[in-house]
Protein chains: 2
Amino acid sequence: MLIGGIEAGGTKFVCAVGEESGEIIAKTSFPTEEPAETFQEVKRFFHSHKVEAIGIGCFGPVDLDKKSATYGMILNTPKTKWKQYDVLTKLKSDLKVPVYIDTDVNAAALAEYKYGAGRDVNNCMYITVGTGIGAGYVQDGETYVGKSHPEMGHVLIQQHKDDPFTGCCPYHGNCLEGLASGPAIEQRYGKKGAQLAADRNVWELEAYYLAQAIMNYVLVLSPERIILGGGVMKQKQLYPLIRRKVLDLVNDYVGIDNVDTFIVAPKLHDEQGVRGAMALVSSD
Amino acid sequence: MLIGGIEAGGTKFVCAVGEESGEIIAKTSFPTEEPAETFQEVKRFFHSHKVEAIGIGCFGPVDLDKKSATYGMILNTPKTKWKQYDVLTKLKSDLKVPVYIDTDVNAAALAEYKYGAGRDVNNCMYITVGTGIGAGYVQDGETYVGKSHPEMGHVLIQQHKDDPFTGCCPYHGNCLEGLASGPAIEQRYGKKGAQLAADRNVWELEAYYLAQAIMNYVLVLSPERIILGGGVMKQKQLYPLIRRKVLDLVNDYVGIDNVDTFIVAPKLHDEQGVRGAMALVSSD
(Lines give C-alpha, C1' and ligand atoms only; values in the text may rest on other atoms or scores of the structure.)
Protein backbone atom coordinates (compact mmCIF):
# COMPACT_ATOMS: atom_id res chain seq x y z
CA MET A 1 0.00 0.00 0.00
CA LEU A 2 1.05 3.62 -0.46
CA ILE A 3 1.55 5.75 2.60
CA GLY A 4 2.12 9.43 3.16
CA GLY A 5 4.46 11.35 5.39
CA ILE A 6 4.45 14.96 6.52
CA GLU A 7 7.40 16.63 8.13
CA ALA A 8 5.68 19.61 9.72
CA GLY A 9 8.45 21.99 10.69
CA GLY A 10 8.27 25.51 12.02
CA THR A 11 9.78 26.94 8.82
CA LYS A 12 8.81 24.41 6.15
CA PHE A 13 6.56 21.46 5.48
CA VAL A 14 7.73 18.42 3.52
CA CYS A 15 5.12 16.00 2.15
CA ALA A 16 5.97 12.65 0.61
CA VAL A 17 4.26 9.55 -0.66
CA GLY A 18 5.95 6.20 -0.81
CA GLU A 19 6.05 2.50 -0.16
CA GLU A 20 5.75 0.93 3.26
CA SER A 21 9.39 -0.11 2.86
CA GLY A 22 10.28 3.57 3.19
CA GLU A 23 11.04 4.33 -0.44
CA ILE A 24 9.83 7.76 -1.52
CA ILE A 25 7.91 8.02 -4.83
CA ALA A 26 7.01 11.71 -4.82
CA LYS A 27 7.88 14.61 -2.56
CA THR A 28 7.21 18.33 -2.23
CA SER A 29 7.99 21.07 0.22
CA PHE A 30 6.71 24.56 0.92
CA PRO A 31 7.17 27.22 3.60
CA THR A 32 5.12 27.01 6.78
CA GLU A 33 2.55 29.80 6.51
CA GLU A 34 -0.60 30.23 8.56
CA PRO A 35 -2.39 26.94 9.22
CA ALA A 36 -5.21 27.34 6.65
CA GLU A 37 -2.86 28.08 3.75
CA THR A 38 -0.36 25.43 4.79
CA PHE A 39 -2.96 22.67 5.02
CA GLN A 40 -4.40 23.77 1.70
CA GLU A 41 -1.02 22.84 0.19
CA VAL A 42 -0.98 19.56 2.09
CA LYS A 43 -4.46 18.70 0.82
CA ARG A 44 -3.49 19.55 -2.76
CA PHE A 45 -0.46 17.23 -2.65
CA PHE A 46 -2.33 14.28 -1.18
CA HIS A 47 -5.27 14.72 -3.56
CA SER A 48 -2.94 14.05 -6.45
CA HIS A 49 -1.03 11.34 -4.54
CA LYS A 50 -3.54 8.98 -2.98
CA VAL A 51 -2.42 7.18 0.17
CA GLU A 52 -4.03 4.78 2.62
CA ALA A 53 -2.56 6.30 5.77
CA ILE A 54 -0.45 9.27 6.76
CA GLY A 55 2.14 9.90 9.44
CA ILE A 56 3.03 13.37 10.61
CA GLY A 57 6.10 14.43 12.56
CA CYS A 58 5.05 17.77 13.95
CA PHE A 59 6.83 20.74 15.48
CA GLY A 60 5.61 21.44 18.95
CA PRO A 61 4.95 21.32 21.73
CA VAL A 62 2.11 19.11 20.54
CA ASP A 63 -0.25 17.14 22.78
CA LEU A 64 0.56 13.42 22.38
CA ASP A 65 -1.38 12.16 25.37
CA LYS A 66 -4.00 9.93 23.75
CA LYS A 67 -6.25 10.30 26.79
CA SER A 68 -6.21 14.09 26.52
CA ALA A 69 -9.06 16.17 25.11
CA THR A 70 -6.48 18.12 23.09
CA TYR A 71 -4.63 15.08 21.66
CA GLY A 72 -3.00 16.04 18.37
CA MET A 73 -3.22 19.77 19.01
CA ILE A 74 -0.30 22.19 18.98
CA LEU A 75 0.16 23.76 22.40
CA ASN A 76 2.41 26.50 23.69
CA THR A 77 4.23 27.72 20.55
CA PRO A 78 5.60 31.20 19.89
CA LYS A 79 3.91 30.90 16.42
CA THR A 80 0.66 32.46 17.57
CA LYS A 81 -1.50 31.42 14.62
CA TRP A 82 -0.61 27.79 15.33
CA LYS A 83 -1.30 27.88 19.05
CA GLN A 84 -4.13 25.46 19.93
CA TYR A 85 -4.35 24.41 16.28
CA ASP A 86 -5.78 20.90 15.98
CA VAL A 87 -3.45 19.36 13.41
CA LEU A 88 -4.72 15.82 13.84
CA THR A 89 -8.41 16.58 13.36
CA LYS A 90 -7.68 18.87 10.42
CA LEU A 91 -5.70 16.18 8.59
CA LYS A 92 -8.23 13.46 9.29
CA SER A 93 -11.13 15.56 8.05
CA ASP A 94 -9.26 16.82 4.97
CA LEU A 95 -7.76 13.53 3.86
CA LYS A 96 -10.13 10.85 5.21
CA VAL A 97 -7.39 8.37 6.07
CA PRO A 98 -5.90 7.23 9.38
CA VAL A 99 -3.33 9.74 10.68
CA TYR A 100 -0.46 8.93 13.03
CA ILE A 101 1.16 11.82 14.85
CA ASP A 102 4.41 12.22 16.78
CA THR A 103 7.01 14.92 17.26
CA ASP A 104 9.24 15.94 14.35
CA VAL A 105 12.31 14.75 16.26
CA ASN A 106 10.78 11.40 17.19
CA ALA A 107 9.97 10.87 13.51
CA ALA A 108 13.55 11.69 12.57
CA ALA A 109 14.88 9.35 15.26
CA LEU A 110 12.62 6.58 13.96
CA ALA A 111 13.86 7.00 10.37
CA GLU A 112 17.51 6.91 11.41
CA TYR A 113 16.75 3.85 13.56
CA LYS A 114 15.02 2.00 10.73
CA TYR A 115 17.03 3.11 7.70
CA GLY A 116 20.02 5.18 8.77
CA ALA A 117 22.65 5.66 11.46
CA GLY A 118 20.75 3.61 14.05
CA ARG A 119 20.08 0.48 12.01
CA ASP A 120 22.42 -1.73 14.02
CA VAL A 121 21.32 -0.75 17.55
CA ASN A 122 18.29 -1.37 19.76
CA ASN A 123 17.82 2.22 20.77
CA CYS A 124 19.03 5.61 19.63
CA MET A 125 18.56 9.31 20.10
CA TYR A 126 18.33 11.83 17.28
CA ILE A 127 19.26 15.36 18.31
CA THR A 128 18.70 18.25 15.94
CA VAL A 129 20.69 21.42 16.48
CA GLY A 130 19.34 24.19 14.27
CA THR A 131 16.81 27.00 14.61
CA GLY A 132 15.80 25.16 17.75
CA ILE A 133 17.22 22.17 19.58
CA GLY A 134 15.17 19.04 20.05
CA ALA A 135 15.68 15.33 20.49
CA GLY A 136 13.74 12.19 19.79
CA TYR A 137 14.32 8.72 21.17
CA VAL A 138 13.48 5.29 19.82
CA GLN A 139 13.74 2.05 21.75
CA ASP A 140 13.06 -1.33 20.18
CA GLY A 141 11.33 0.34 17.26
CA GLU A 142 9.02 2.54 19.30
CA THR A 143 9.32 6.26 19.76
CA TYR A 144 9.42 7.44 23.33
CA VAL A 145 6.67 9.81 24.40
CA GLY A 146 6.11 9.81 28.18
CA LYS A 147 3.16 11.75 29.57
CA SER A 148 3.17 14.31 26.81
CA HIS A 149 6.53 14.31 25.05
CA PRO A 150 10.09 15.21 25.94
CA GLU A 151 11.42 18.71 25.31
CA MET A 152 15.06 17.78 25.60
CA GLY A 153 16.39 20.87 23.85
CA HIS A 154 15.51 22.99 26.86
CA VAL A 155 17.61 21.18 29.47
CA LEU A 156 19.60 23.33 31.87
CA ILE A 157 23.35 23.34 31.45
CA GLN A 158 26.22 25.27 32.99
CA GLN A 159 27.04 28.49 31.20
CA HIS A 160 30.74 28.95 30.43
CA LYS A 161 32.30 31.56 32.70
CA ASP A 162 33.72 33.46 29.71
CA ASP A 163 30.43 33.54 27.77
CA PRO A 164 28.56 36.79 28.47
CA PHE A 165 25.59 35.94 26.19
CA THR A 166 22.37 35.86 28.18
CA GLY A 167 20.74 33.21 26.03
CA CYS A 168 17.88 33.53 23.56
CA CYS A 169 15.24 31.08 24.84
CA PRO A 170 12.07 33.09 25.52
CA TYR A 171 11.12 30.60 28.27
CA HIS A 172 14.40 29.79 30.01
CA GLY A 173 17.04 32.24 28.78
CA ASN A 174 20.23 30.24 28.99
CA CYS A 175 18.96 26.66 28.63
CA LEU A 176 20.63 24.50 25.96
CA GLU A 177 18.51 25.92 23.14
CA GLY A 178 19.09 29.41 24.52
CA LEU A 179 22.86 29.02 24.40
CA ALA A 180 23.59 26.60 21.56
CA SER A 181 20.91 26.88 18.83
CA GLY A 182 21.65 28.51 15.48
CA PRO A 183 20.02 31.81 16.56
CA ALA A 184 22.09 31.76 19.78
CA ILE A 185 25.30 31.53 17.74
CA GLU A 186 24.15 34.31 15.45
CA GLN A 187 23.12 36.61 18.30
CA ARG A 188 26.28 35.95 20.29
CA TYR A 189 28.72 36.66 17.45
CA GLY A 190 26.65 38.81 15.07
CA LYS A 191 27.25 36.30 12.27
CA LYS A 192 25.74 33.01 11.23
CA GLY A 193 27.55 29.80 12.19
CA ALA A 194 28.46 29.08 8.56
CA GLN A 195 30.41 32.36 8.44
CA LEU A 196 32.30 31.39 11.59
CA ALA A 197 33.44 27.98 10.38
CA ALA A 198 37.15 28.76 10.82
CA ASP A 199 36.85 30.17 14.33
CA ARG A 200 37.88 27.36 16.65
CA ASN A 201 36.63 29.13 19.80
CA VAL A 202 33.08 29.24 18.45
CA TRP A 203 32.95 25.48 18.08
CA GLU A 204 34.77 24.73 21.32
CA LEU A 205 32.05 26.68 23.14
CA GLU A 206 29.28 25.05 21.09
CA ALA A 207 30.71 21.61 21.89
CA TYR A 208 31.04 22.60 25.55
CA TYR A 209 27.28 23.16 25.71
CA LEU A 210 26.19 20.21 23.60
CA ALA A 211 28.48 17.82 25.49
CA GLN A 212 26.88 18.77 28.81
CA ALA A 213 23.41 18.07 27.46
CA ILE A 214 24.56 14.77 25.96
CA MET A 215 26.16 13.80 29.29
CA ASN A 216 22.77 14.29 30.94
CA TYR A 217 20.88 12.42 28.21
CA VAL A 218 23.32 9.52 28.63
CA LEU A 219 22.76 9.45 32.38
CA VAL A 220 18.97 9.64 32.12
CA LEU A 221 18.26 7.45 29.08
CA SER A 222 21.34 5.24 28.68
CA PRO A 223 21.05 5.28 24.87
CA GLU A 224 23.05 2.95 22.68
CA ARG A 225 23.74 5.62 20.04
CA ILE A 226 23.42 9.39 19.71
CA ILE A 227 22.83 10.85 16.26
CA LEU A 228 23.49 14.57 15.94
CA GLY A 229 21.89 16.40 13.02
CA GLY A 230 20.44 19.77 12.05
CA GLY A 231 21.90 22.87 10.45
CA VAL A 232 24.49 23.67 13.12
CA MET A 233 25.92 20.13 12.86
CA LYS A 234 26.87 20.80 9.23
CA GLN A 235 30.03 22.11 10.94
CA LYS A 236 31.65 18.70 10.93
CA GLN A 237 34.48 19.88 13.16
CA LEU A 238 31.97 19.73 16.03
CA TYR A 239 31.82 15.92 16.15
CA PRO A 240 35.36 15.26 17.46
CA LEU A 241 35.11 18.20 19.88
CA ILE A 242 31.83 16.92 21.29
CA ARG A 243 33.09 13.35 21.54
CA ARG A 244 36.17 14.39 23.50
CA LYS A 245 34.19 16.58 25.89
CA VAL A 246 31.54 13.92 26.53
CA LEU A 247 34.29 11.42 27.42
CA ASP A 248 35.84 13.97 29.78
CA LEU A 249 32.51 14.62 31.50
CA VAL A 250 31.47 10.98 31.82
CA ASN A 251 34.93 10.20 33.23
CA ASP A 252 34.53 6.43 32.79
CA TYR A 253 31.56 6.35 35.16
CA VAL A 254 29.40 4.68 32.54
CA GLY A 255 30.90 2.56 29.81
CA ILE A 256 31.30 4.07 26.33
CA ASP A 257 33.03 1.38 24.33
CA ASN A 258 33.74 3.43 21.24
CA VAL A 259 32.85 7.09 21.22
CA ASP A 260 33.25 7.32 17.43
CA THR A 261 30.34 4.92 16.93
CA PHE A 262 28.44 6.28 19.94
CA ILE A 263 28.13 9.90 18.78
CA VAL A 264 27.60 10.02 15.03
CA ALA A 265 26.23 12.03 12.12
CA PRO A 266 22.85 11.15 10.54
CA LYS A 267 22.81 9.06 7.38
CA LEU A 268 19.58 10.11 5.72
CA HIS A 269 20.66 13.47 4.25
CA ASP A 270 17.84 15.64 5.63
CA GLU A 271 15.19 13.11 4.61
CA GLN A 272 14.94 11.61 8.13
CA GLY A 273 12.02 13.87 9.00
CA VAL A 274 9.67 12.90 6.21
CA ARG A 275 10.78 9.27 6.02
CA GLY A 276 10.26 9.01 9.75
CA ALA A 277 6.79 10.49 9.38
CA MET A 278 5.98 7.74 6.88
CA ALA A 279 7.45 5.17 9.26
CA LEU A 280 5.04 6.26 12.01
CA VAL A 281 2.26 4.51 10.06
CA SER A 282 3.77 1.04 10.32
CA SER A 283 5.33 1.45 13.76
CA ASP A 284 2.09 2.28 15.54
CA MET B 1 3.21 -19.10 45.02
CA LEU B 2 5.71 -17.54 47.39
CA ILE B 3 8.30 -15.20 46.00
CA GLY B 4 11.38 -13.57 47.43
CA GLY B 5 12.77 -10.07 47.21
CA ILE B 6 16.22 -8.71 47.95
CA GLU B 7 16.94 -5.04 48.33
CA ALA B 8 20.69 -5.07 47.86
CA GLY B 9 21.89 -1.69 49.04
CA GLY B 10 25.39 -0.40 49.54
CA THR B 11 24.97 -0.23 53.31
CA LYS B 12 22.35 -2.90 54.04
CA PHE B 13 20.55 -5.83 52.50
CA VAL B 14 16.85 -6.47 53.08
CA CYS B 15 15.42 -9.91 52.27
CA ALA B 16 11.72 -10.69 52.25
CA VAL B 17 9.37 -13.49 51.33
CA GLY B 18 5.77 -12.91 50.43
CA GLU B 19 2.78 -13.41 48.22
CA GLU B 20 2.66 -12.45 44.56
CA SER B 21 0.15 -9.79 45.55
CA GLY B 22 3.03 -7.99 47.26
CA GLU B 23 2.19 -8.84 50.86
CA ILE B 24 5.27 -9.57 52.97
CA ILE B 25 5.22 -12.66 55.23
CA ALA B 26 8.75 -12.53 56.64
CA LYS B 27 11.59 -10.06 56.39
CA THR B 28 15.13 -9.59 57.62
CA SER B 29 17.94 -7.13 57.12
CA PHE B 30 21.66 -7.07 57.76
CA PRO B 31 24.61 -4.81 56.93
CA THR B 32 26.30 -5.14 53.56
CA GLU B 33 29.65 -6.79 54.27
CA GLU B 34 31.98 -8.41 51.76
CA PRO B 35 30.11 -10.43 49.13
CA ALA B 36 30.78 -13.92 50.55
CA GLU B 37 29.52 -13.08 54.04
CA THR B 38 26.57 -11.11 52.73
CA PHE B 39 25.36 -13.87 50.43
CA GLN B 40 25.82 -16.39 53.25
CA GLU B 41 23.16 -14.42 55.11
CA VAL B 42 20.95 -14.29 52.02
CA LYS B 43 21.24 -18.06 51.58
CA ARG B 44 20.41 -18.68 55.24
CA PHE B 45 17.24 -16.59 55.03
CA PHE B 46 15.95 -18.23 51.86
CA HIS B 47 16.77 -21.72 53.10
CA SER B 48 14.33 -21.24 55.94
CA HIS B 49 11.84 -19.39 53.69
CA LYS B 50 11.34 -21.37 50.49
CA VAL B 51 10.37 -19.38 47.43
CA GLU B 52 9.77 -20.19 43.77
CA ALA B 53 11.48 -17.12 42.33
CA ILE B 54 13.45 -14.13 43.55
CA GLY B 55 13.78 -10.54 42.46
CA ILE B 56 16.75 -8.41 43.38
CA GLY B 57 17.01 -4.64 43.23
CA CYS B 58 20.73 -4.09 43.30
CA PHE B 59 23.03 -1.15 43.99
CA GLY B 60 25.25 -0.41 41.05
CA PRO B 61 26.31 0.28 38.49
CA VAL B 62 25.20 -3.23 37.54
CA ASP B 63 25.23 -4.67 34.03
CA LEU B 64 21.59 -5.04 32.89
CA ASP B 65 22.28 -5.61 29.21
CA LYS B 66 20.93 -9.13 28.69
CA LYS B 67 23.16 -9.55 25.64
CA SER B 68 26.29 -8.75 27.62
CA ALA B 69 28.78 -11.35 28.86
CA THR B 70 28.73 -9.61 32.24
CA TYR B 71 24.92 -9.42 32.61
CA GLY B 72 24.01 -9.33 36.30
CA MET B 73 27.49 -8.33 37.43
CA ILE B 74 28.34 -5.26 39.50
CA LEU B 75 30.59 -2.93 37.55
CA ASN B 76 32.41 0.26 38.48
CA THR B 77 31.69 0.64 42.21
CA PRO B 78 33.90 2.33 44.82
CA LYS B 79 33.20 -0.77 47.01
CA THR B 80 36.26 -2.63 45.74
CA LYS B 81 35.31 -6.11 47.01
CA TRP B 82 32.07 -5.90 45.03
CA LYS B 83 33.63 -4.74 41.77
CA GLN B 84 33.03 -7.33 39.02
CA TYR B 85 31.04 -9.44 41.48
CA ASP B 86 28.54 -11.65 39.65
CA VAL B 87 25.44 -11.22 41.79
CA LEU B 88 23.07 -12.94 39.39
CA THR B 89 25.10 -16.14 38.97
CA LYS B 90 25.81 -16.33 42.70
CA LEU B 91 22.11 -16.13 43.59
CA LYS B 92 21.05 -18.62 40.95
CA SER B 93 23.64 -21.16 42.04
CA ASP B 94 22.96 -20.70 45.77
CA LEU B 95 19.17 -20.71 45.63
CA LYS B 96 18.30 -22.75 42.52
CA VAL B 97 15.34 -20.60 41.53
CA PRO B 98 14.82 -18.07 38.72
CA VAL B 99 16.31 -14.69 39.62
CA TYR B 100 15.18 -11.33 38.21
CA ILE B 101 17.56 -8.43 38.55
CA ASP B 102 17.18 -4.66 38.18
CA THR B 103 18.57 -1.58 39.87
CA ASP B 104 17.59 -0.77 43.46
CA VAL B 105 15.92 2.44 42.30
CA ASN B 106 13.99 0.77 39.49
CA ALA B 107 12.68 -1.75 42.02
CA ALA B 108 11.61 1.07 44.33
CA ALA B 109 9.92 2.89 41.45
CA LEU B 110 8.07 -0.30 40.52
CA ALA B 111 6.77 -0.81 44.07
CA GLU B 112 5.52 2.77 44.34
CA TYR B 113 3.91 2.40 40.90
CA LYS B 114 2.14 -0.84 41.83
CA TYR B 115 1.29 -0.27 45.48
CA GLY B 116 2.18 3.28 46.51
CA ALA B 117 2.36 6.88 45.35
CA GLY B 118 2.22 5.98 41.65
CA ARG B 119 -0.82 3.72 41.68
CA ASP B 120 -3.03 6.13 39.74
CA VAL B 121 -0.60 7.07 36.94
CA ASN B 122 0.81 5.37 33.85
CA ASN B 123 4.40 6.29 34.53
CA CYS B 124 6.42 7.59 37.44
CA MET B 125 9.94 8.27 38.62
CA TYR B 126 11.27 7.37 42.04
CA ILE B 127 14.24 9.47 43.13
CA THR B 128 16.17 8.56 46.25
CA VAL B 129 18.24 11.27 47.93
CA GLY B 130 20.42 9.73 50.60
CA THR B 131 23.97 8.40 50.81
CA GLY B 132 23.83 8.56 47.04
CA ILE B 133 21.29 9.92 44.60
CA GLY B 134 19.60 7.66 42.09
CA ALA B 135 16.38 7.42 40.17
CA GLY B 136 14.27 4.70 38.65
CA TYR B 137 11.52 5.03 36.10
CA VAL B 138 8.50 2.87 35.34
CA GLN B 139 6.25 3.22 32.33
CA ASP B 140 3.13 1.10 31.84
CA GLY B 141 4.33 -1.34 34.48
CA GLU B 142 7.81 -1.84 33.09
CA THR B 143 11.02 -0.50 34.52
CA TYR B 144 13.13 1.54 32.14
CA VAL B 145 16.64 0.24 31.49
CA GLY B 146 18.08 1.54 28.18
CA LYS B 147 21.39 0.11 27.00
CA SER B 148 22.68 -0.56 30.47
CA HIS B 149 20.72 1.48 33.00
CA PRO B 150 20.33 5.16 33.82
CA GLU B 151 22.55 6.82 36.40
CA MET B 152 20.37 9.84 36.88
CA GLY B 153 21.90 10.90 40.20
CA HIS B 154 25.04 12.04 38.43
CA VAL B 155 23.48 14.63 36.10
CA LEU B 156 25.27 17.94 35.76
CA ILE B 157 23.60 20.95 37.32
CA GLN B 158 24.55 24.57 37.88
CA GLN B 159 26.41 25.20 41.11
CA HIS B 160 25.04 28.09 43.15
CA LYS B 161 27.36 31.10 43.00
CA ASP B 162 27.43 31.36 46.80
CA ASP B 163 28.20 27.67 47.38
CA PRO B 164 31.97 27.17 47.71
CA PHE B 165 31.73 23.37 48.26
CA THR B 166 33.64 21.53 45.53
CA GLY B 167 31.33 18.51 45.54
CA CYS B 168 31.98 15.00 46.81
CA CYS B 169 31.40 12.76 43.79
CA PRO B 170 34.63 10.86 43.13
CA TYR B 171 33.79 10.73 39.41
CA HIS B 172 32.33 14.15 38.65
CA GLY B 173 32.92 16.41 41.65
CA ASN B 174 29.97 18.76 41.56
CA CYS B 175 27.32 16.68 39.79
CA LEU B 176 23.92 16.35 41.51
CA GLU B 177 25.11 13.56 43.82
CA GLY B 178 28.31 15.50 44.50
CA LEU B 179 26.38 18.58 45.63
CA ALA B 180 23.09 17.32 47.07
CA SER B 181 23.54 13.83 48.59
CA GLY B 182 23.56 13.27 52.35
CA PRO B 183 27.38 13.16 52.48
CA ALA B 184 27.54 16.41 50.46
CA ILE B 185 25.37 18.15 53.07
CA GLU B 186 27.48 16.75 55.89
CA GLN B 187 30.78 17.74 54.28
CA ARG B 188 29.56 21.22 53.35
CA TYR B 189 28.25 22.13 56.80
CA GLY B 190 30.17 19.77 59.11
CA LYS B 191 26.86 18.39 60.43
CA LYS B 192 24.33 15.85 59.27
CA GLY B 193 21.19 17.08 57.58
CA ALA B 194 19.01 16.01 60.52
CA GLN B 195 20.98 18.37 62.78
CA LEU B 196 20.39 21.22 60.32
CA ALA B 197 16.62 20.84 60.10
CA ALA B 198 15.90 24.39 61.29
CA ASP B 199 18.37 26.11 58.95
CA ARG B 200 16.29 27.40 56.06
CA ASN B 201 19.34 28.20 53.88
CA VAL B 202 20.45 24.58 53.92
CA TRP B 203 17.16 23.42 52.42
CA GLU B 204 16.83 26.31 50.00
CA LEU B 205 20.20 25.29 48.53
CA GLU B 206 19.29 21.58 48.56
CA ALA B 207 16.02 22.38 46.77
CA TYR B 208 17.92 24.59 44.30
CA TYR B 209 19.99 21.58 43.24
CA LEU B 210 17.23 18.98 43.25
CA ALA B 211 14.86 21.26 41.31
CA GLN B 212 17.40 21.66 38.51
CA ALA B 213 17.79 17.90 38.18
CA ILE B 214 14.02 17.42 38.25
CA MET B 215 13.61 20.10 35.57
CA ASN B 216 15.96 18.10 33.34
CA TYR B 217 14.26 14.77 34.12
CA VAL B 218 10.91 16.37 33.21
CA LEU B 219 12.29 17.62 29.90
CA VAL B 220 13.92 14.30 28.98
CA LEU B 221 11.36 11.77 30.25
CA SER B 222 8.09 13.68 30.54
CA PRO B 223 7.02 11.69 33.61
CA GLU B 224 3.50 11.81 34.99
CA ARG B 225 4.63 11.80 38.62
CA ILE B 226 7.88 12.27 40.54
CA ILE B 227 8.25 10.51 43.87
CA LEU B 228 11.05 11.79 46.07
CA GLY B 229 12.32 9.51 48.83
CA GLY B 230 15.49 8.60 50.73
CA GLY B 231 17.03 9.82 53.96
CA VAL B 232 17.49 13.46 52.97
CA MET B 233 13.80 13.73 51.99
CA LYS B 234 12.82 13.03 55.61
CA GLN B 235 13.19 16.81 55.81
CA LYS B 236 9.60 17.39 54.75
CA GLN B 237 10.17 21.13 54.36
CA LEU B 238 12.00 20.28 51.13
CA TYR B 239 8.86 19.32 49.19
CA PRO B 240 7.26 22.79 48.95
CA LEU B 241 10.65 24.39 48.26
CA ILE B 242 11.37 21.94 45.43
CA ARG B 243 7.88 22.30 43.96
CA ARG B 244 8.14 26.08 43.81
CA LYS B 245 11.60 26.02 42.24
CA VAL B 246 10.60 23.44 39.62
CA LEU B 247 7.64 25.60 38.61
CA ASP B 248 9.94 28.63 38.36
CA LEU B 249 12.42 26.75 36.17
CA VAL B 250 9.84 25.15 33.88
CA ASN B 251 8.21 28.59 33.48
CA ASP B 252 5.02 27.13 31.96
CA TYR B 253 6.91 25.69 29.00
CA VAL B 254 5.54 22.23 29.69
CA GLY B 255 2.23 21.77 31.44
CA ILE B 256 2.24 20.83 35.13
CA ASP B 257 -1.42 20.74 36.08
CA ASN B 258 -0.95 20.39 39.82
CA VAL B 259 2.54 20.48 41.25
CA ASP B 260 1.35 19.09 44.61
CA THR B 261 0.33 15.82 42.99
CA PHE B 262 3.23 15.93 40.51
CA ILE B 263 6.08 15.97 43.05
CA VAL B 264 5.19 13.80 46.03
CA ALA B 265 6.54 11.75 48.93
CA PRO B 266 6.66 7.94 48.74
CA LYS B 267 3.87 5.94 50.37
CA LEU B 268 5.57 2.65 51.19
CA HIS B 269 7.54 3.70 54.30
CA ASP B 270 10.98 2.45 53.28
CA GLU B 271 9.58 -0.89 52.09
CA GLN B 272 9.53 0.17 48.42
CA GLY B 273 12.95 -1.37 47.80
CA VAL B 274 12.20 -4.89 48.91
CA ARG B 275 8.58 -4.91 47.74
CA GLY B 276 9.78 -3.69 44.36
CA ALA B 277 12.36 -6.47 44.25
CA MET B 278 9.54 -8.97 44.79
CA ALA B 279 7.51 -7.23 42.10
CA LEU B 280 10.31 -7.76 39.57
CA VAL B 281 9.33 -11.43 39.48
CA SER B 282 5.84 -10.84 38.15
CA SER B 283 6.63 -7.83 35.98
CA ASP B 284 9.26 -9.57 33.87
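The following exchange discusses a predicted model with chains A and B.

Me: Before the details, what are the ground rules for this predicted model?
Reply: Because this is a predicted model, local features need pLDDT of at least 70 and side-chain atom pairs count only at pLDDT 80 or more, while totals for chains, interfaces and linings use all residues. Residues are numbered from 1 along each chain as its sequence is written, chains are lettered from A and ligands numbered from 1 in the order in which they are written, and side-chain values use heavy atoms, with hydrogens and water left out.

Me: How is chain B related to chain A?
Reply: Chain B superposes on chain A through a rotation of 180 degrees with 0.0 Å of shift along its axis, at an RMSD of 0.0 Å. That is the relation of a two-fold axis. The superposition is by least squares on the C-alpha atoms of residues with pLDDT of at least 70 in both copies.

Me: Which residue of chain B comes closest to the rotation axis?
Reply: B:Gln158 does, with its C-alpha at 2.6 Å.

Me: And what surface do the copies meet through?
Reply: They meet through the same surface, because 100% of the interface residues of chain B are also interface residues in chain A.

Me: Switching to strands: how do strand 2 and strand 3 of chain B pair?
Reply: Strand 2 (residues 12-19) and strand 3 (residues 24-31) of chain B pair in the antiparallel sense over 7 bridges; pairing requires that DSSP finds at least two bridges between the strands. Helices (H or I, at least four residues) and strands (E, at least two) are DSSP runs, numbered from the N terminus. B:Cys15 has B:Thr28 of strand 3 as its bridge partner.

Me: What lies between those two strands of chain B?
Reply: They form a hairpin with 4 residues between them, and B:Gly22 in the turn has a positive phi of about 105 degrees.

Me: Now helix 2 of chain B. Which residues are buried?
Reply: In this helix (residues 87-95), B:Val87, B:Leu88, B:Leu91, B:Asp94 and B:Leu95 are buried. Buried means under 20% relative accessible area, exposed over 50% and partly exposed in between, with a 1.4 Å probe and protein chains only.

Me: Where do they sit around the axis of helix 2 of chain B?
Reply: Seen down that axis, the buried residues of helix 2 of chain B fall within an arc of 145 degrees, so they line one face of the helix. The arc is that of the directions from the helix axis to the C-beta atoms. In general, an α-helix has 3.6 residues a turn, so residues three or four places apart point the same way.

Me: What do they pack against?
Reply: The buried residues of helix 2 of chain B pack against strand 1 (2-8), helix 1 (35-48), strand 4 (53-58) and strand 5 (99-103) of chain B. After the helix comes B:Lys96, whose phi is positive, near 55 degrees.

Me: Is B:Thr103 in strand 5 buried or exposed?
Reply: B:Thr103, found in strand 5 of chain B, is buried, with a relative accessible area of 5%. Leaving aside neighbours within four places in sequence, B:Thr103 is in contact (heavy atoms within 4.5 Å) with B:Gly57, B:Cys58, B:Val62, B:Leu64 and B:His149.

Me: On to the rings. How many aromatic pairs are there over all chains?
Reply: A search of the whole structure finds 22 aromatic pairs. In one of them, the rings of A:Phe13 and A:Phe30 have their centres 6.0 Å apart and their planes at 20 degrees, so the pair is stacked. Rings of Phe, Tyr and Trp (its six-membered ring) pair if their centres lie within 6.5 Å; planes under 30 degrees apart count as stacked, over 60 as edge-to-face and the rest as tilted.

Me: Where do A:Phe13 and A:Phe30 lie?
Reply: A:Phe13 lies in strand 2 (residues 12-19) of chain A and A:Phe30 in strand 3 (residues 24-31) of chain A, so the pair ties together parts that are 17 residues apart in sequence. Both A:Phe13 and A:Phe30 are buried.

Me: What about A:Phe59 and A:Trp82?
Reply: Their ring centres are 5.5 Å apart and their planes at 70 degrees, so that pair is edge-to-face. A:Phe59 is buried, with a relative accessible area of 7%, and A:Trp82 is buried at 2%. Ring pairs link A:Phe13, A:Phe30, A:Phe39, A:Phe59, A:Trp82 and A:Tyr85 into a cluster.
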